[in-house]
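Colleague: I'm new to reading models like this one. Please take a close look at one part for me, the charged side chains, and then show me how the places they occupy connect to the rest.

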Amino acid sequence: MQYQSIAPMMSQLWSPMAAVTSSWQDRLNAQIVVAVAGSSIVPGQPRVAVQIYKSNFTHDQVYRSGIFAVNFLRRDQLHLIPAFGLVSGRDADKLSGIAHRPGETGCPVLEDCWGFLDCRVVNAMDGGDMTCFLAEVAAGECRNEEGPLWWRDAARQLPKEVMEEWDRKIQGEIQFSTSRMKEINPISWDPGSLSQS
């Protein structure tokens, strides 16, 4: 298959820019998420699906704790993309200096963002290189009517050196993903057995 023939459609599937925050064993973290999508049409039972690559520190935190928050960035929050997307939470406290508070689940919620969804995982699907977490929304708030930041807009506004670093990071992740995509574990997700580890 020639990817270019479907690229215009695939580029429309990206979600707004969002930082997924997590908490596990007193360690907080944040990362720019690959994608988040609404996963319920029932207003009284909102759900989201979030994809997180296994190589990310956040992945293990969410997998073990069963909680996360999705913090949608505002259009003027470009500075958070390199802060959350180009540094690993294994090496730095990415929330240091960023105003946040504990959400209902205990995950950090950014005080300043377009809006947030505080979530509890109800299931997960192994995708080989990533895990797709299905979660119920425990709490949330939309704080701004102007709309969130989208990648297509961020990519045009970020400094050239940030985009070059981002592209280098993505190329490495593509190599990782290519080697792992077929390593899917069909065993059911059991958060109870993992929360003890």
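Modeller: Let's start with Arg 74, which is buried, with a relative accessible area of 15%; buried means under 20%, exposed over 50%, and partly exposed in between (1.4 Å probe, protein chains only). Keep in mind that this is a predicted model, where local features need pLDDT of at least 70 and side-chain atom pairs count only at pLDDT 80 or more, while totals for chains, interfaces and linings use all residues. Residues are numbered from 1 along each chain as its sequence is written, and side-chain values use heavy atoms, leaving out hydrogens and water.

So what is Arg 74 doing? It forms a salt bridge with Asp 112, and their closest N and O atoms are 2.2 Å apart; the rule is a side-chain nitrogen of Lys or Arg within 4 Å of a carboxyl oxygen of Asp or Glu. This pair ties together distant parts of the chain, 38 residues apart. Arg 74 sits in the loop between S5 and helix H3 (80-85), and Asp 112 in the loop between strand S7 (108-110) and S8. (Helices, H or I with at least four residues, and strands, E with at least two, are DSSP runs numbered from the N terminus.) Unlike its buried partner, Asp 112 is partly exposed, at 45%.

The full count is eight salt bridges. Two of them are in helix H5 (residues 160-180). In one, Lys 160 meets Glu 164, at 3.9 Å from N to O. These two are four residues apart, about one turn of the helix. Lys 160 counts as exposed at 62% relative accessibility, whereas Glu 164 is partly exposed at 36%.

Further along H5, Lys 169 and Glu 173 pair up at 2.7 Å, again N to O, and they too are four residues apart, about one turn. Here Lys 169 is partly exposed at 29%, while Glu 173 is buried at 17%. Back at Arg 74, salt bridges with shared partners join Arg 74, Asp 76 and Asp 112 into one network.

Now for the surroundings. The two strands next to those loops, S5 and S8, belong to an open sheet of seven strands in the order S2-S1-S5-S8-S9-S4-S3, with antiparallel pairing. Strands pair if DSSP finds at least two bridges between them. At the edges are strand S2 (27-32) and strand S3 (35-38), each pairing on one side only. Strand S8 (residues 115-126) is joined to the antiparallel strand S9 (residues 130-142) by eleven bridges, and Asn 123 stands opposite Leu 134 in S9.

Helix H2 has buried residues too: Phe 57, Thr 58, His 59, Gln 61 and Val 62. They pack against S1, S2, S4, S5, S8 and S9, judging contact as heavy atoms within 4.5 Å. Just after H2, Gly 66 takes a positive phi of about 75°.

For a contrast with those buried residues, look at Leu 13 in the loop between helix H1 (7-11) and S1. Leu 13 is exposed, at 61%.
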